[in-house]
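Colleague: I am new to this structure and would like a close look at a single part of it. Could you pick one strand, walk me through its surroundings, and then step outward from there?

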Amino acid sequence: MSDVGQSWGRYPRASQIIVPLSDRHAALPVVSGTLLPYGNGRSYGDSCLNDGGALLHGRHLDRFISFDAQTGVLECEAGVLFSEILDLVVPQGWFLPVTPGTKFVTVGGAIANDVHGKNHHKAGTFGRHVLAFELLRSDGSRRMCSPEQHAEWFAATVGGLGLTGMVTRATIQLRRVAGPWMSCEVHRFGGLDGFFQLSQASDRDFEYTVAWIDCASQGKALGRGIFTRANHAPAHPDSRPNAASSRLRVPLTPPISLINPLSLRAFNTLYYHRQRDGVSHLTTHYEPHFYPLDGIGDWNRIYGPRGFMQYQCVVPPGASFACMEALVKTIAASGQGSFLAVLKQFGDIASPGTLSFPRPGTTLALDFPHRGADTLALLDRLDDIVAAAGGAVYPAKDARMPGKYFKQYFPAWESFSHYIDPKFSSSFWRRVTE
Amino acid sequence: MQKVVIIGATSAIAEATARLYAARGAQLFLVARNAARLQDIAADLRVRGSQEVFQATLEVNELHEHARVLDAAWSLLGHVDFALIAHGTLPDQTQCEASVDTAMHEFATNGGSTIALLTAMALRFEAQRTGTIAIISSVAGDRGRQSNYLYGAAKAAVTAFASGLRQRMAKLGVNVLTIKPGFVDTPMTRDFKKGALWAKPEGIARGIVRAADRGRSVVYLPGFWLPIMLIIRHIPEFVFKRIKL
């Protein structure tokens, strides 16, 4: 429990009262400061923190309410984890309609951040598969919200960063699968143009596409990387899913970050060359495909006590190539690269939330060990590039974007603010709007 | 298919245990005071795989109601493979010192009602000659400590009663399992500052199911409480009087 009240990047630190919730029928607790729902703490920056106020710890609202194995409609409380849903539904032939890169997020958190995954070009965001949810406000009112009913509250709450009230339960539409297996293809590409070609060629026939790029290399190797595309595999009667594998764990926080320019270059070069030229085909379980890092508990500790920062941006299609090139050049030149640099083309399916992040274009996600002013200055330079191109930065991963850019990235923020519960606030929201 | 009765089914440890039995497809008979919360838990357990979930409400201190509820359980399930008595409160020790009524009421809830339920259940298990009766006692029952000796005394009574019952039932093929959890992070202990000794209800539940499957008699959960309590039980009184526990 010691990590409750921290964000995944372990930066910034906040001090707040933690109020555990265990009964979805109960009214919200009365405290002196402001409230913010907190699920499993997988947001990276300060959007899940409420310094000086209280967190409504909703992880123990973890009951299923109903599941129809014929239609794939699941109703559950908002603290249920994606991992718990998968454990229940995969053996019955269903899968999450959209999943981010960790399965340790709650349903409530997935709604509040309108999360996306590798199938964005086919399925849009998670919010598109939410059939309904109950929104509990500090005045005691409860609304069942759906795209048809209280549609304005639905739109404000999906991607609404937990500010519109507490989501107590939700109904989601799952998607059919034959089993837990994925058919994957892995391609190596030598530069950014290779990524765009592969994306274009894959979007129609592959449900899941994503690329890793080497952010440490410059010159001719700039923007090289590995492209993965996949579909759910047909049933494999001969193979059995691996039994729950034992999870490794980072047992303690090392005194300094293990990620430094030296280890970073070595990792990126090795990782790139591990994949031979050409294409490899493989069938894999969904776990390593979707959640490669979930196998290592508390992996965020490797960045040391100062934590790390994620940066995820999207730039519109017209500006994609030039803009990505500028971003990667800036990062490579800084020597501060990232070992998890992920590139993906978003599709043009509209996001349902007023403040949803995903929009058509190319998205790049990176993490940086927090090295103080240097890191902040680098991210400011990236922001200038993204803002000039008409792009946006993802609040769920942010701990530092300037308010002027937030307001430019999310022009609907002002109309959204009318839906904020008067008792609710977050460190993030105060930082970007006050 | 296993048939399971749980008294105090809305407690965090009981709920986590019920989920493990639900995943095995067990038939469940849940007993608790709060019908609305029971309803939510029953729905959850059905989704998690339980073949059938029955519910009954009971105020455990109304001892004359016990037979009605147990009769319903046995008639709906036919027989019972696993019964878990998990209800309880965490009394405020200072209030128990100030008021005889509070002290006796808490003793009845945590000690007397459990002994009454065990007595009534034992008759039914004696007749069916199979199954496991599990009782959540506590490490607090191993030695009275000034911080919570009313609770400790009630749990000590339960532990001693279960020990005797185990001897009586052993030759009939019925196992009596005494569970002694240490500090568990549940709504019952929400106001405590949590440290390294605190366990999660899910871990305690796995320990309960494992112990029941293996036919164990007494388990400390997590297991590190066994050596800790061994030491605490053997601290001589002249030292014990001078320390604060």
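Modeller: Here is a walk that starts at one strand of chain A and moves outward to the cores, the domains and the other chain.

A few ground rules help. Residues are numbered from 1 along each chain as its sequence is written, while chains are lettered from A and ligands numbered from 1 in the order in which they are written. This is a predicted model, in which local features need pLDDT of at least 70 and side-chain atom pairs count only at pLDDT 80 or more, while totals for chains, interfaces and linings use all residues.

Our strand is strand 5 of chain A, residues 73–77. Strands (E, at least two residues) and helices (H or I, at least four residues) are DSSP runs, numbered from the N terminus. Four of the five residues in strand 5 of chain A are buried, leaving the strand mostly covered. Here, buried is a matter of 20 or more other C-beta atoms within 10 Å of a residue's own, exposed of 12 or fewer, and partly exposed of anything in between, with C-beta atoms placed from the backbone.

On one pairing, strand 5 of chain A meets strand 4 of chain A (residues 64–68) in the antiparallel sense, over four bridges; two strands pair if DSSP finds at least two bridges between them. Within this pairing, Phe64(A) has Cys76(A) as its bridge partner. Four residues lie between the two strands, which form a hairpin, and Gly72(A) in the turn has a positive phi of about 75 degrees.

Another pairing links strand 5 of chain A to strand 9 of chain A (residues 166–173), again antiparallel, with five bridges. There, Glu77(A) stands opposite Arg169(A).

Now for the cores. A nonpolar core is a set of buried Ala, Val, Leu, Ile, Met, Phe, Trp, Tyr and Cys residues joined through C-beta atoms within 7 Å. The largest one has 116 residues, and Leu56(A), Ile111(A), Ala170(A) and Cys313(A) have the most contacts inside it. Strand 17 of chain A (residues 308–315) supplies the largest share of this core, six residues. Both domain 1 (64–177) and domain 2 (181–405) of chain A give this core at least three residues each; domain bounds come from an automatic or database domain assignment.

Leaving out residues up to four places away in sequence, Ile111(A) touches Gly127(A), Val130(A), Phe133(A), Thr157(A), Val158(A), Val167(A) and Ala170(A). Contact here asks that two C-beta atoms, placed from the backbone, lie within 7 Å. Another core, of 65 residues, lies apart from the largest one and has Val5(B) and Leu30(B) among its members.

The C-alpha centres of domain 1 and domain 2 of chain A are 24 Å apart. Their contact takes 26 residues from domain 1 and 25 residues from domain 2. On the side of domain 1 that touches domain 2, helix 3 (120–123) and helix 4 (151–157) of chain A are the elements giving two or more residues. Helix 3 of chain A gives the most to that side, with three residues.

Finally, chain B has nine helices and seven strands. Its radius of gyration is 18 Å, close to the 18 Å that the globule rule gives for 245 residues, so chain B is as compact as a globular protein of that length. That radius is taken over C-alpha atoms, and the rule is 2.2 Å times the number of residues to the power 0.38. Of the 245 residues of chain B, 42% count as buried.
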